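Student: Could you walk me through one part of this model up close, the metal site? I'd like to see what sits around it, and then how that links to the rest of the chain.

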Amino acid sequence: MVRWMREAGLRVTVDQMGNIFGERPGAERLPPVMIGSHIDSVPTGGKYDGQLGVLCGLETIRALEQHGIRTRHPVTLAIFTNEEGARFQPAMIASGVMAGKIPLEDAYNARDKDGLRLVDELERIGYLGAEPCVPRPFRAYLELHIEQGPCLEEEGLAVGVVDGIVAIAWSRLTIEGVQDHAGPTPMRIRHDALVAAAEVVTGVRRIARELGGDVVTTVGNLTVRPNIVNAIPGAVTLSIDMRDPRDETLDRARTLLDRVVREACDREGVRGSLEHYWRVPYTPFAPDVVAAVERAAKASGARHRHILSGAGHDAQYMAAIGPAGMIFVPSRDGRSHCEEEFTGMDDIEHGATTLFLAAVDLAGRV
Ligand SMILES: [Zn+2]
């Protein structure tokens, strides 16, 4: 990527978090229009998530060069470190530091499963840069990304004009039962933590059904102790992920979750402790950037509509420090974070053209 950026004539710099920036100067000394995404992935993930936004950003800059287009504002390509959080937690760690939401020291000390620190690994690969990783002014931040859901494809649309990113709430439930032998212990005296957990799993699904609308609820992680064939599970920890465009809906979902947990634990005679440990509110994108993306989608001839993002993106943190917006292109069968991830070239072309036109619009053609 960096070689391609240099070949495209960009001045490349790297910041303290390994974020890579390539600037194409503007006619005036103004804050840049920043186009960004990420080039990390998840294990056995696809090749479009993140990479497509970076490559379309590079293509935008190449097209500006090829057509001899000068802009008032510079146009900068940005590549953010460790967006997925597959190796170092939390996800979006580097845009989070840049937005001032995650302390640099905490990010540096994040360790992977082998105990290696992020800062040491950045140094080892030669990407521990000197530029301070702090909020930098920008005219607009634009990110093209695959939808990772089925809506655009179902409706035969090529481009989604993203209005914002849904609110997200994460909780952790620890259930303490009584570990005992699977043989001599009669059913009537059991306090099985996993049986209560199973009720919570289906109860969490029921919350989404009850509330309706766009809310989605997931139990994705379960740790069972001792997790062997012939013992009644004594303790279970599980994760709960709930998302909705409206913060009020998430408040109601949390109240329902409290009830689901209480009832499941009472029935089995076990103790549950529920921790609501992470919450991000709905992130609306900047109206002038969304309007520019919509104009660009229209001008590109793409069939398009407004859409919300159900997944977190670096654009979420960028929206905290400046005007940001996103462009979605369809994902085949709505699938991503898997090797089947695919977006057709026609759709990519419409998305890339939308990105190019929005960038020129916001950067101001000279
Ligand atoms: Zn991504």
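Tutor: Start with H145: its relative accessible area is just 1%, and that makes it buried (buried means under 20%, exposed over 50% and partly exposed in between, with a 1.4 Å probe and protein chains only). Keep in mind that this is a predicted model, where local features need pLDDT of at least 70 and side-chain atom pairs count only at pLDDT 80 or more, while totals for chains, interfaces and linings use all residues. Numbering runs from 1 along each chain as its sequence is written, and side-chain values use heavy atoms, with hydrogens and water left out.

H145 gives its NE2 to the zinc ion, joined by H38 through NE2 and D49 through OD, at 2.0 to 2.2 Å from the metal. Donors here are N, O and S atoms within 2.8 Å of the metal (3.2 Å for Na, K and Ca), and sites may look incomplete since water is not among the atoms. Along the sequence, the donor residues follow the spacing H-x10-D-x95-H. D49 sits in the loop between β3 (33-38) and α2 (51-66) while H145 belongs to strand β5 (residues 140-146), so this pair ties together parts that lie 96 residues apart in sequence. For the element names, helices (H or I, at least four residues) and strands (E, at least two) are DSSP runs, numbered from the N terminus. D49 is buried as well, at 4% relative accessible area.

Stay in that loop for a moment, as Y48 and T44 are also there. Y48 is buried at 12%, whereas T44 is exposed at 58%. T44, placed in the loop between β3 and α2, is a residue other than glycine with a positive phi, near 50 degrees. That's worth a glance: most residues other than glycine have a negative phi, and most peptide bonds are trans.

Now for the aromatics, of which the structure holds four pairs (ring centres of Phe, Tyr and Trp, the last by its six-membered ring, within 6.5 Å; planes under 30 degrees apart are stacked, over 60 edge-to-face, the rest tilted). Y48 and F342 have ring centres 5.9 Å apart and planes at 75 degrees, so they make an edge-to-face pair. This one spans a lot of chain: Y48 is in the loop between β3 and α2, F342 in the loop between β16 (324-329) and α11 (345-363), and 294 residues separate them. F342 itself is partly exposed, at 32%. Elsewhere, F80, F138 and Y141 are linked into a cluster by ring pairs.

Going on from the loop into α2, you'll find a helix whose 16 residues should span 22 Å at 1.5 Å a residue, and the 22 Å between its end C-alpha atoms agrees (the expected span is 1.5 Å times one less than the number of residues). Its buried residues include Q51, L52, G53, V54 and C56. E59 and R62, three residues apart and about one turn of α2 from each other, form a salt bridge with closest N and O atoms 3.5 Å apart (a side-chain nitrogen of Lys or Arg within 4 Å of a carboxyl oxygen of Asp or Glu). Both partners are partly exposed, E59 at 37% and R62 at 30%. Just after the helix, G68 has a positive phi of about 60 degrees.

The salt-bridge count comes to 19, and some reach across the chain. D361 pairs with R295, with closest N and O atoms 2.9 Å apart. That bridge links helix α11, which holds D361, to helix α9 (residues 287-300), which holds R295, across 66 residues. R87, D112, E121 and R124, meanwhile, are linked in a salt-bridge network.

One last stop is the loop between β4 (75-80) and α3 (93-98), home of P90. A cis peptide bond joins Q89 to P90, with omega about 0 degrees. N82 is in the loop between β4 and α3 too, and its phi is positive, near 50 degrees. Unlike the exposed T44, N82 is buried at 9%.
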